Structures are given as structure tokens and as C-alpha cells.
Amino acid sequence: MRTNRNDLARVRNIGILAHVDAGKTTTTERLLFATGATYKRGEVHDGTTVTDFDPQERKRGITIFSAAVTCHWAGHRINLIDTPGHVDFSDEVERSLRVLDGAVTVFDGVAGVEPQSESVWRQADRYGVPRIAFVNKLDRAGADFDAAVESIRQKLHPKPLAVQLPIGVEDTFTGVVDLVAMRAYVWADADGPMTETDVPEAARAHRHRLDEAVAELDAAALEEFVATGAVSDVTLKNALRAVTLNGSGVVVLCGAAFKGRGIEPLLDAVVAYLPAPPGDPDKPFAALVFKVNSTNTGRLTFLRVYDGTITKGSHVMDAAPAKGANRTERVARILRVQADRHIEVDRAVAGDIVAVVGPKAARPGATLCAPDTPVVLEPPRTADPVVSIAVEANDNDRLATALARLVEQDPSLAVRTDPETGQTLLSGLGELHLEVAVEKIRQTDGLTVHIGRPQVAYRETVVRGVTGFVYRHAKQDGGSGQWAHIVVDVEPGDGEEFASTVVGGRVPREFVRAVEAGCRDALADGPLAGHPVVGVRVTLTDGATHVKDSSELAFRTAGRLGLRDALRACVVVLLEPVVEVTATVPADAVGGVLGDLAARRGRVTDSVARGTTMVVTATVPLAELFGYATVLRSRTHGRGSFTTRPLGYLPAPERTTTV
């Protein structure tokens with residue numbers, strides 16, 4: 001059967017994004033139930049969800065790994081990826097967003113925009129992913145739809161366009177008013193069908209305000225609004241799709257996913273406002289690897305197909321610019337993924353999200369393409385690890401194999417050997433990230449793994465540089481010698497920058513590149529405590545060559561050794577990772593929580609009363625947060641909770657130890 005662009009118009013590749021506990025996985029489960037993809041509503045608290053199928057996810061009650069499922073609605077196929085909400089697994093979100101065409105961002109109707117909501121929103125901005133918003137949990141005490149919409153306006157900065165109004169508040173919330181179709185939809189109970197009724201007269205004023213807001217963003221809607229004082233349903237719907245795609249506005253819907261209220265209109269909005277995948281099935285094959293699942297029984301490589309068609313038995317090239325690249329492998333099987341279940345298919349075409357069996361070397365971020373038409377697609381960004389632990393096991397050979405498999409699946413994990421202690425260090429994005437990784441080794445490989453105390457990843461940076469630093473490298477030990485002369489300026493910079501102002505060919509171009517390579521080698525090992533150096537600009541201002549003994553090797557060595565000496569002459573400070581902590585605690589426990597944050601070198605930046613609780617926001621060094629969950633539970637008698645998000649690096653006090 002031939003697939004064409006018209007078929008693609010009836011496909012949606014979307015993700016579900018949210019802050020942890022906003023109801024993201026419950027919303028996914030209700031979408032699957034409403035579309036008939038499942039016949040029983042999965043519950044997070046019962047451990048019966050489709051997308052949170054990993055034992056650790058069900059045990060912890062959170063999403064850890066992205067999971068792909070497919071459902072059908074209104075003649076459209078929806079490929080849906082449920083993503084993690086916890087900051088420690090933000091790299092999993094990043095890889096998913098890279099291959100999605102649209103997203104539904106779920107917000108808590110009580111809390112509105114929360115810290116991780118902002119983080120995933122910025123991630124989606126980075127890849128230009130159009131979004132619609134779903135304000136969830138409007139059946140909860142304290143829910144406020146208008147306040148949630150206003151928090152979107154203030155914290156996320158798109159223009160929120162509320163196309164629905166809630167019917168009832170808190171425990172009386174029973175349905176929504178659709179301002180586009182001007183119909184009301186009511187759900188009598190969680191298992192009952194949606195019924196349609198007339199809208200209240202007050203909704204007409206809200207529709208007029210929606211027409212006016214959309215007219216400010218869309219030319220066709222503006223023309224109609226100026227001419228008639230209103231916008232027709234068809235024009236309004238087209239305009240809402242246009243502003244969603246160009247990012248000037250965000251459509252906002254509402255509901256209570258746990259009770260199944262608002263789900264059918266949300267599905268309609270996915271079809272109406274989010275984009276179809278681009279691509280051409282007739283072009284040469286090109287796909288991006290966004291996830292790898294390696295186990296003792298096999299290896300699944302998850303792909304987003306951008307162009308072309310792949311069939312069982314096809315040969316594909318791994319064209320990623322990395323080790324193992326340009327390797328041609330055979331695709332033995334193609335699988336349509338339903339979370340932990342797989343349906344074998346004969347082929348996949350542009351717009352599909354599938355898993356394949358066969359490729360043995362492709363890692364997340366790799367491009368698989370037709371061997372005779374190589375192409376490299378932009379890979380997702382990978383976050384740098386900030387926390388490390390020492391790991392050892394009763395069988396270190398098996399441990400090494402298990403760690404290699406983990407890193408292959410999750411590029412935000414890293415493994416290295418401490419040169420001083422000989423210990424194996426596993427690094428990741430947070431305590432929970434590493435805890436999950438270690439537990440996975442224990443479960444999958446049956447190893448007894450012991451871990452050391454977590455350590456954070458420090459950095460070093462230049463706060464006052466040097467000008468005209470001269471370094472001459474001369475080595476003669478028989479045969480051809482090594483000789484290089486360089487002059488560099490070192491100063492604070494925005495990143496790790498290198499420039500050359502050498503004129504007159506005093507340092508040939510190939511030697512300039514060698515100096516840059518040597519300087520980048522030197523930045524891996526700072527002068528204070530051997531941490532990577534960041535925020536520095538190095539400029540090669542002059543140099544000289546020897547008629548016989550100058551070479552690229554000599555100039556690379558000069559760059560490495562010369563910059564190391566130059567950094568010792570600079571004023572360099574230690575940087576430590578800091579995070580924003582948002583703690584939700586009972587009002588009567590705020591004093592103890594604030595005192596504890598102060599003892600952890602925390603700086604409180606905000607505190608907001610929310611009913612009988614207080615939401616405290618503080619900036620805290622990551623090194624001071626190990627074990628914080630236990631302490632917070634103790635100080636609040638189990639009623640407190642917190643989330644974090646990374647803020648970057650700040651200078652560490654001189655007393656900070658990095659041992």
C-alpha cells in the first residue's frame with residue numbers, strides 16, 4: 001500500500017509534558033481509554049498504567065522513561081510519547097521533544113505553572129514544538145482556572161487563549177464550555193459518556209473576548225473582526241491553529257483527567273490545532289534515533305522517520321559523526337510500539353515513530369539513512385552530569401558491561417575511573433537519576449552493587465586573566481625535534497571560546513587549529529583542583545615557527561602546556577552547581593524548613609501562601625541537598641514535598657571541599 005503526503009496529514013506525533021504530579025500520566029491513560037486503545041483505565045496509584053510499565057516507575061509512582069503508544073481519534077493516528085516530569089530525567093524529555101511535532105502541556109489547576117513546567121516549556125521552545133495547554137485537576141480543592149491561565153501568561157510569556165470555561169468549581173466541576181463551537185460538554189460521572197448541551201448566555205461575552213484576542217494575532221481573524229465585530233467559527237478555528245503553529249499564542253483547555261472530564265475535547269484539539277508531521281515517503285530514507293533499550297535479550301532502537309520508507313530486511317547507514325559511524329546494518333524487524341508491547345509491521349514511512357531490531361551500534365542522537373544518500377540530522381542536546389557516585393560490585397567485569405549498556409541507553413550518564421583511587425565513578429543529573437540507574441543494574445543483571453556518597457561536579461572559571469602570555473615548546477631527543485612558540489591572552493568569556501588574531505602568516509592556519517585543540521585539552525583539567533574550566537576566552541595573538549622542527553603535534557603540545565601555565569597565572573575560582581528548590585510545606589512547619597535551608601547555604605527568593613500550605617522557593621548549592629528529602633519529611637511529619645531544577649553554576653565559598 002502506497003503512503004503519500006495526504007496520509008501524513010492524518011498523523012499527529014505528540015508528547016505529554018508536565019511538572020511532576022500535574023497528572024501527566026493519568027491524562028495519557030484517559031486519552032488511551034477514550035480512544036479505545038485500552039479497555040480499562042490505568043491508575044498511577046494502583047501501578048496499572050500502560051506507559052509507566054517499568055517496575056521502578058510503578059514502585060515510585062512517577063514516570064522515569066519515555067514511553068510511546070499509538071491511538072486513533074476522528075480518523076487520525078496519534079503517536080503519543082509520555083515523558084518524565086522529574087528534573088533528574090529532563091534529558092529523556094529532551095530526546096523526545098527532538099522527534100515530536102507537537103505537545104500537550106499539562107498544568108495543575110491548583111498550582112498553575114510550576115518550576116519543571118517552565119523547564120519543559122523552554123525545552124519545547126528550543127525545538128520549536130507547537131503546544132496546547134491542558135489545565136488539569138479542576139476538581140481539586142483550591143483549583144482556579146483563571147489563576148492558572150494567568151500564571152501561563154506571566155511565567156511562560158505566550159498569549160494564553162482560553163477556548164474553554166469550566167462548569168462548576170472544585171468538587172462541583174462537571175464539564176466545560178467550548179467557546180469555539182459554543183457548546184457545553186458535561187460528564188455525569190467518571191465512567192459515563194460525554195453529553196452535549198447549550199451554553200449559558202454568559203459564555204457569549206467570553207467568546208467575544210476570545211475573538212478579540214485572536215484577532216490581535218491573526219490577519220484573517222482581524223479582517224473579519226473589524227468588518228463584522230465577530231469572528232466566525234471556521235475562521236476562529238483556522239486562526240487558533242495558525243497561532244499555535246507560529247507560537248504567538250497557546251490554546252488553553254481544562255478538565256479533570258482522573259475523572260475523565262475534558263478528555264474528548266482535548267483529543268479534538270490535538271487533531272485541530274497541532275501539526276501533521278513533515279516528510280516525503282518517496283525521498284531517500286532518513287530517521288533519527290531518540291531512544292535505545294538494551295537488555296540481555298536484545299536491543300531495540302527507537303526511530304522517528306523523517307523521510308522515505310524502510311522495510312524489513314533493508315540496510316541502513318549510521319551516519320552520526322561519532323565512533324562507529326558510517327556503519328551499514330540490516331534492519332531485521334520493525335515494531336509498532338505500545339509501551340511495553342510491540343506489534344511487528346512490514347515497513348515504516350515518513351512520520352512514523354517505531355522501534356527496529358538489527359542495528360547494534362546506533363546510539364541516541366544518531367542518524368540512520370539510506371546507504372547511498374548519507375545525511376546527518378541534528379541530534380538532541382545532552383546535559384552534562386552534575387552528580388557522581390562510586391560504584392563497585394561482586395563481579396566487576398559484569399558491572400563494566402552493565403554500566404556500558406546504561407550509558408549506551410542514556411547519554412546523560414557517564415562512567416569514568418578516578419585516576420587517584422581507581423574507583424569506578426557513575427555520573428548523572430541527580431541523586432534520583434543515579435539511584436534509578438543503580439537499581440536497574442541490580443534488577444536486570446542480578447548484581448550486588450555498592451555505592452559511595454554522592455559528589456557534585458564542580459567547575460573552574462577565570463575571573464581575571466592575563467595578556468601576552470608567552471610559551472615556547474622545544475624538545476630535542478634525537479631525530480626530528482618539536483618547536484613551537486605561542487603568545488596568548490586569557491580572559492573571562494561566555495563559553496569556552498578560542499580565537500586567533502595572528503597576522504602575516506606567523507602561525508600557519510593548520511598550526512592555529514592545533515593550538516586550539518591543545519587549549520581545549522588543557523581546559524579539561526583546571527589549575528585549582530583538576531575540574532573542567534568553563535567561561536574562558538583564549539586568543540592566540542602571536543607566535544613563531546621553526547623551519548624544520550615545527551609541526552601540528554608541537555603546536556598542539558604548546559597549546560596544552562602553554563594554556564595550563566597561563567591559567568596558573570590567572571585568578572581562577574571554583575564554581576559549584578546550584579538548583580532552585582521549591583518546597584511545599586504546612587504553614588506551621590515553615591520556620592523549621594527555612595532554618596534548614598539557611599543551614600544548607602540556601603537563599604530564599606520567594607514564599608507564597610496557598611491555602612494551609614506555604615510554597616517556599618530558594619536557591620541552594622546542589623552539594624547541600626543530599627538527603628534533603630528525608631530531612632524535609634521529618635520536619636513536616638511527612639506532609640512536605642519539594643522539587644528542584646538546575647540553575648547553573650555560581651562561585652563556591654573558599655571553605656568548600658571538592659574531595
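Helices and strands are DSSP runs, with at least four residues for a helix and at least two for a strand, numbered from the N terminus. In this predicted model, that numbering places H157 in the loop between helix 6 (145-155) and strand 6 (159-162). The backbone of H157 has a phi near 70°, a positive value in a residue other than glycine. Most residues other than glycine have a negative phi. H157 counts as exposed, because its relative accessibility is 59% and the cut-off for exposed is over 50%.

A second loop residue may be read alongside H157. R601 lies between helix 15 (590-599) and strand 34 (603-610), and its phi is near 65°, again a positive value in a residue other than glycine. With a relative accessible area of 22%, R601 is partly exposed, since the buried class is reserved for values under 20%.

The chain as a whole provides the setting for these local features. Its secondary structure comes to 16 helices and 36 strands. The radius of gyration is 28 Å, close to the 26 Å that the globule rule gives for 659 residues, so the chain is as compact as a globular protein of that length. Along the principal axes, the C-alpha trace spans about 95 × 65 × 60 Å. Of the 659 residues, 54% count as buried. Among contacts with a sequence separation of 6 or more, 72% are accounted for by residues 24 or more positions apart.

G308 offers an example of a residue in contact with others distant in sequence. This glycine lies in the loop between strand 13 (298-307) and strand 14 (309-311), and it counts as buried because its relative accessibility is 0%. Beyond the residues up to four places away in sequence, G308 touches D280, P281, K283, P284 and F285, and also A348, V349 and A350. A350 is 42 residues from G308 in sequence, yet their C-alpha atoms are 5.5 Å apart in space.

The helix packing can be followed from helix 4 onward. Helix 4 (residues 90-98) and helix 5 pack at an angle of about 30°, with their axes 9 Å apart, and their crossing is right-handed. From helix 4, the residues S90, V93, E94 and L97 meet Q116, V120, Q123, A124 and R126 of helix 5. By class, this contact has four nonpolar, three polar and two charged residues.

Q123 deserves separate attention within this contact. It is found in helix 5 (residues 115-126), and a relative accessibility of 7% means that Q123 counts as buried. Leaving out residues up to four places away in sequence, Q123 touches S90, V93, E94 and L97, which are the helix 4 residues named in the contact with helix 5.

Helix 7 (residues 203-215) and helix 9 (residues 233-246) form another packed pair, at an angle of about 50° and with axes 11 Å apart. That angle makes helix 7 oblique to helix 9, because it falls outside the ranges for roughly parallel, roughly perpendicular and roughly antiparallel. Helix 7 passes helix 9 in a left-handed crossing. The contact is made by R207, L210, D211 and V214 of helix 7 with D233, L236, A239 and L240 of helix 9. Five of these residues are nonpolar, none is polar and three are charged.

Further along the chain, the axes of helix 15 and helix 16 (residues 628-635) come within 10 Å and cross at roughly 155°. Helix 15 is therefore roughly antiparallel to helix 16, the cut-off being an angle over 145 degrees. Their crossing is right-handed. Helix 15 contributes G592, V593, D596 and L597 to the contact, and helix 16 contributes Y628, V631, L632 and R635. The classes represented are five nonpolar, one polar and two charged residues.

The path ends at L650, in strand 36 (residues 641-651). L650 counts as partly exposed, because its relative accessibility is 42%. Apart from its neighbours within four places in sequence, L650 is in contact with L574, L575, E576 and V578. L650 and P621 are 29 residues apart in sequence, and the distance between their C-alpha atoms is 8.5 Å.

Definitions and conventions
Residues numbered from 1 in each chain as written. Predicted model: local features only at pLDDT ≥ 70, side-chain atom pairs only at ≥ 80, totals over all residues. Heavy atoms only, no water. Axes fitted to C-alpha atoms, helices over the stretch in contact; angles between N-to-C directions. Parallel < 35°, antiparallel > 145°, perpendicular 65-115°, else oblique. Left-handed = near helix turned anticlockwise from the far one by under 90°. Contact = heavy atoms within 4.5 Å. Nonpolar A, V, L, I, M, F, W, Y, C, P; charged D, E, K, R; others polar. Buried < 20%, exposed > 50% of the residue type's maximum accessible area, 1.4 Å probe, protein only. Rg over C-alpha atoms; globule rule 2.2 N^0.38 Å.
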